[in-house]
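Here are my notes on the model you sent over. They go point by point, so feel free to skip around.

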Amino acid sequence: MKKNMGTADRIVRILVAIAAVALYATGTVTGALGIVLIVVAVIFAATSTVSFCPLYRLVGIRTCKVDLSANK
């Protein structure tokens with residue numbers, strides 16, 4: 001599993017996850033939308049932690065820098 005997420009992408013995902021949890025915790029977003037928001041927050045936090053997004057791989061997106069020294 002090669003990394004396909006850059007630092008900026010990881011930071012944005014973590015911030016979005018924190019905001020989503022805060023919205024749910026304060027009762028701003030409730031019901032089914034709140035549950036969906038929490039699920040998305042968990043997915044964002046997990047993918048940020050491992051620096052790998054399966055959807056990026058399917059689409060062919062890579063937001064991290066390519067390490068040219070690893071090819072030698």
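The points below start with a charged residue, move on to the second helix and the cysteines, and end with a few spacings.

1. Before anything else: this is a predicted model, so please read each value below as computed from predicted coordinates.

2. Arg-13 is a good place to begin. It pairs with Asp-9 in a salt bridge, with 3.4 Å between the closest N and O atoms. The total for the structure is one salt bridge, so with a 4 Å limit between the side-chain nitrogen and the carboxyl oxygen, the Arg-13 and Asp-9 pair at 3.4 Å makes the cut. As general background, side chains of opposite charge can pair when their charged atoms come close.

3. Why does about one helical turn separate Arg-13 and Asp-9? Because they are four residues apart in helix H1, which covers residues 7-25. Both partners are also buried: Arg-13 has a relative accessible area of 8%, and Asp-9 has 16%. The cut-off for buried is under 20%, so Asp-9 at 16% falls on the buried side.

4. Arg-13 has aromatic company too. It lies over the face of Phe-44, 4.9 Å from the ring centre. The charged end of Arg-13 also sits over the ring of Tyr-56, at 5.1 Å from the centre of that ring. As for rings pairing with rings, the structure has zero aromatic pairs.

5. Now to Ser-48, which belongs to helix H2, residues 31-50. Buried or exposed, where does Ser-48 fall? It is buried, at a relative accessible area of 2%. Its side chain reaches back to the backbone oxygen of Phe-44, at 2.8 Å. Phe-44 is also the residue whose ring face has Arg-13 over it.

6. Which residues does Ser-48 contact once neighbours within four places in sequence are set aside? They are Met-5, Arg-13, Arg-10 and Ile-14. Arg-13 therefore turns up again here, as a contact of Ser-48 that is itself buried at 8%.

7. Thr-47 is in helix H2 as well and is buried, with a relative accessible area of 9%. Leaving out residues up to four places away in sequence, Thr-47 touches Met-5, Arg-13, Phe-52, Cys-53 and Pro-54. Met-5 and Arg-13 are thus among the contacts of Thr-47, and they are among those of Ser-48 too.

8. Ser-51 deserves a quick look when you check the backbone. It sits in the loop between H2 and helix H3 (54-59), and its phi is near 60°, a positive value in a residue other than glycine. For context, most residues other than glycine have a negative phi. Ser-51 is buried, with a relative accessible area of 3%.

9. On the cysteines: how many disulfides are there? The count is zero. For Cys-53, the closest cysteine sulfur is in Cys-64, and at 12 Å that is too far for a bond. The limit is 2.5 Å between sulfur atoms, so the 12 Å gap leaves Cys-64 in no disulfide either. Cys-53 is buried at 6% relative accessible area, and Cys-64 counts as buried at 18% relative accessibility.

10. Some spacings, in case you want distances for a quick check of your own coordinates. Ala-8, in helix H1, counts as exposed at 56% relative accessibility. From Ala-8 to Ala-20 there are 12 residues in sequence and 18 Å in space, C-alpha to C-alpha.

11. Ile-11 is another residue of helix H1 and counts as partly exposed, at 48% relative accessibility. Its C-alpha is 12 Å from that of Ala-46, with the two residues 35 apart in sequence.

12. Last one: Val-42, placed in helix H2, counts as exposed at 51% relative accessibility. The cut-off for exposed is over 50%, so Val-42 at 51% qualifies. The C-alpha atoms of Val-42 and Ile-18 are 9.6 Å apart, although 24 residues separate them along the chain.

Definitions and conventions: Residues are numbered from 1 along each chain as its sequence is written. This is a predicted model: local features need pLDDT of at least 70, side-chain atom pairs count only at pLDDT 80 or more; totals for chains, interfaces and linings use all residues. Side-chain values use heavy atoms; hydrogens and water are left out. Helices (H or I, at least four residues) and strands (E, at least two) are DSSP runs, numbered from the N terminus. Buried means under 20% relative accessible area, exposed over 50%, partly exposed in between (1.4 Å probe, protein chains only). A polar contact is a pair of N or O atoms within 3.5 Å; within protein, one must be able to donate a hydrogen and the other to accept it, and residues adjacent in sequence count only if both atoms are side-chain atoms. Contact means heavy atoms within 4.5 Å. Rings of Phe, Tyr and Trp (its six-membered ring) pair if their centres lie within 6.5 Å; planes under 30 degrees apart count as stacked, over 60 as edge-to-face and the rest as tilted. A charge sits over a ring if NZ of Lys or CZ of Arg is within 6 Å of the ring centre and within 35 degrees of the ring normal.
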